[in-house]
Amino acid sequence: MLARSQTMSGIFARATQLGGLMNQSVRVRFAPSPTGYLHIGGVRTAIYNYLFARRHQGVFILRIEDTDRQRSTREAVRQILDSLEWLDLKPDEGPILQSDRLSIYQEHIDTLLKRNSAYRCYCAPELLEKKRQQAISEKRTYKYDGTCRKRDPNEDPGERPYTVRFRMPDQHPDHFNDLIMGAIPIDGERLDDWILVRSDGTPTYNFSVVVDDACMRITHIIRGNDHVANTPSQIMLYRAFDYPVPQFAHMPLTHGPDGSKLSKRREEEYRKLGISVSVQEYRKMGYLPQALVNYLTRLGWSHKDQEIFSREELQTKFDLEHVGKSPGVLDPAKLKWINATYIKQTSDQDLANLLVAHLSDHGIRVEANERLCRIAASLKIRSETIVEMAQKSLFYFHAPTEYDPNSIKKWWKPGAKEILTKIREDIPSLDFTREASIEKALESLASELTEGKLGKIAQPLRLALTGTTVSPSIFEVMSILGIEETTKRLERAEQYLAQRD
RNA sequence: GGCCCCAUCGUCUAGCGGUUAGGACAUCGGCCUCUCAAGCCGGGAACAGGGGUUCAAGUCCCCUUGGGGUCACCA
């Protein structure tokens, strides 16, 4: 009874101090660990947090979980920042580094120790490992046996290394309420005196997360489903501090085509399928950030039948209620379709700007001038990615060095050379700035030479100009290539045919 | 293995007791057409299985099966 009222007043005091959690504005966070590039599943978590914050006029915080100094790198932090910026998911606060907050954890440990809610544990790691192995072999759930729990805190065990453990209370709630998953039972058997501070003095993840989330007054913890099992232990820690317990929303994980959680170790496999665990890869593969955000949001969340959402729509429509409970499988085909949809909506100038970088991968150095805009315009309905667009635009920059053999067989039958010659001779009389002018000329040529069949002229011509029989409108191609280049390519084809025949 | 979660077309999903089970991607036809696309029209394709509850079950309950997650001095 006494304990209960103390707890209640503790919560009240804290809540007052914080301005009251009830009518407090939403504060969410994304907390990746900087151990490599940003994981695509992490991106989805970031998006949901970001969108939730916007929807509720809340604050989106970025926190870097770098207590594992072995694996954390500055480079990884930079990559995370870059990726979030690319996706336009910039945090309102942060990045906050856990490694800068070590003293805060220390204070919290002192509090816990003082309250007898934690104790030092001198058990040797080897011994604990042995006990765990034994539990496993006996098919029991391993649980710390509490050897050091009963130790007198004032006794001096000397200079031996120790960890700090949480003194798990006997009483615990029988469930917690998850905004996505619903009621999740809490299994007391799984609650044990877990480690808060390692023997090297660094805080463990479960400990630092709680302290940080509480101190940053996070109201809603939206994170991956793989954290559900930790949640009960974390809730118990909030209670030990008399901190208000935030709302939890565990979102289903993103799976690979094989149906299991995406793994960074399987990049090779994924590559062949057109997917990746790394966000940056999607950028390299020519995806638009808005398309990726649209796809990732819609993977696991829905708004009736709508597929395409502007950022504004996402920010007003996103809600946790319509997040599904089952994992989503990454589907590159749908991602491509969404990307293609976004490409069509993107201005020629923006596409040209994107193209510049991808063309340089092909050794082509150009600027996003008017010509490149026209090239982009000619390709935008035919490209699912910017990479594909760049690939398809190559013929604009390089005259064909060879012609597709099958196409030659089909379209450059004897007599083809005469058609090409005729076209070339007509060129000086055409207005190349107007596609209609070219179209008119070729049509009249068709009625003269091929019984009005434009295809019989266009295809041999296309082969001469592009080296293949697939390209944007031939009139558009000629117009973009210009009189001089078109003439040159025609002459070259004629030469080729002259040699052959 | 213990614990937890999940289950509608191949994939993402709508559905919140009464539907010809809808949409999107993919796929397959057709139209359009200078090729390829885009666009338009159309087809095939799903409630994992079994018990209940109910006048009525994709929708509620239980079991089975299947899938996933998690069990550290990692995060």
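Which residues come nearest to RNA strand B? Of the 63 residues around this strand, they are Glu 65, Tyr 205, Lys 261, Ser 326 and Ser 473. Keep in mind that you are looking at a predicted model.

**How confident is the prediction?** The model scores ipTM 0.96 and pTM 0.91. Chain A has an average pLDDT of 91, and 95% of its residues score at least 70. Residues 1–22 are another matter: here the pLDDT is below 50, and the stretch has 15 contacts in the model beyond near neighbours in sequence. Where pLDDT is low, the predicted coordinates should not be read in detail.

**Around the RNA.** The surface near RNA strand B is made up of 23 nonpolar, 23 polar and 17 charged residues. Several helices and strands each supply at least two of these residues, among them those in the table.

| Element | Residues |
|---|---|
| α5 | 125–137 |
| β7 | 182–185 |
| α6 | 205–215 |
| β12 | 328–329 |
| α12 | 332–345 |
| α19 | 455–466 |
| α20 | 474–500 |

**A sheet to explore.** Now find the open sheet of 3 strands, which follow the order β4-β5-β8 with antiparallel pairing. The edges are taken by β4 (118–121) and β8 (195–197); each has a single partner strand, so one side of each is left without a neighbour in the sheet. On average, neighbouring strands here are turned by 45 degrees against each other, direction ignored. Helix α4 (residues 102–114) packs on this sheet and touches β4, β5 and β8, with its direction at about 100 degrees to that of β4. Between β4 and β5 (residues 163–166) there are 4 bridges, and Ala 118 stands opposite Phe 166 in β5.

Conventions
Residues are numbered from 1 along each chain as its sequence is written. Chains are lettered from A and ligands numbered from 1 in the order in which they are written. This is a predicted model: local features need pLDDT of at least 70, side-chain atom pairs count only at pLDDT 80 or more; totals for chains, interfaces and linings use all residues. pLDDT is the predictor's confidence in each residue, from 0 to 100. Two residues are in contact if their C-beta atoms, placed from the backbone, lie within 7 Å. Two strands pair if DSSP finds at least two bridges between them. Helices (H or I, at least four residues) and strands (E, at least two) are DSSP runs, numbered from the N terminus. Axes are lines fitted to C-alpha atoms, for helices over the stretch in contact, and angles run from 0 to 180 degrees between N-to-C directions. A residue is near a molecule or strand if its C-beta atom, placed from the backbone, lies within 6 Å of it. Ala, Val, Leu, Ile, Met, Phe, Trp, Tyr, Cys and Pro count as nonpolar, Asp, Glu, Lys and Arg as charged, and the others, Gly among them, as polar.
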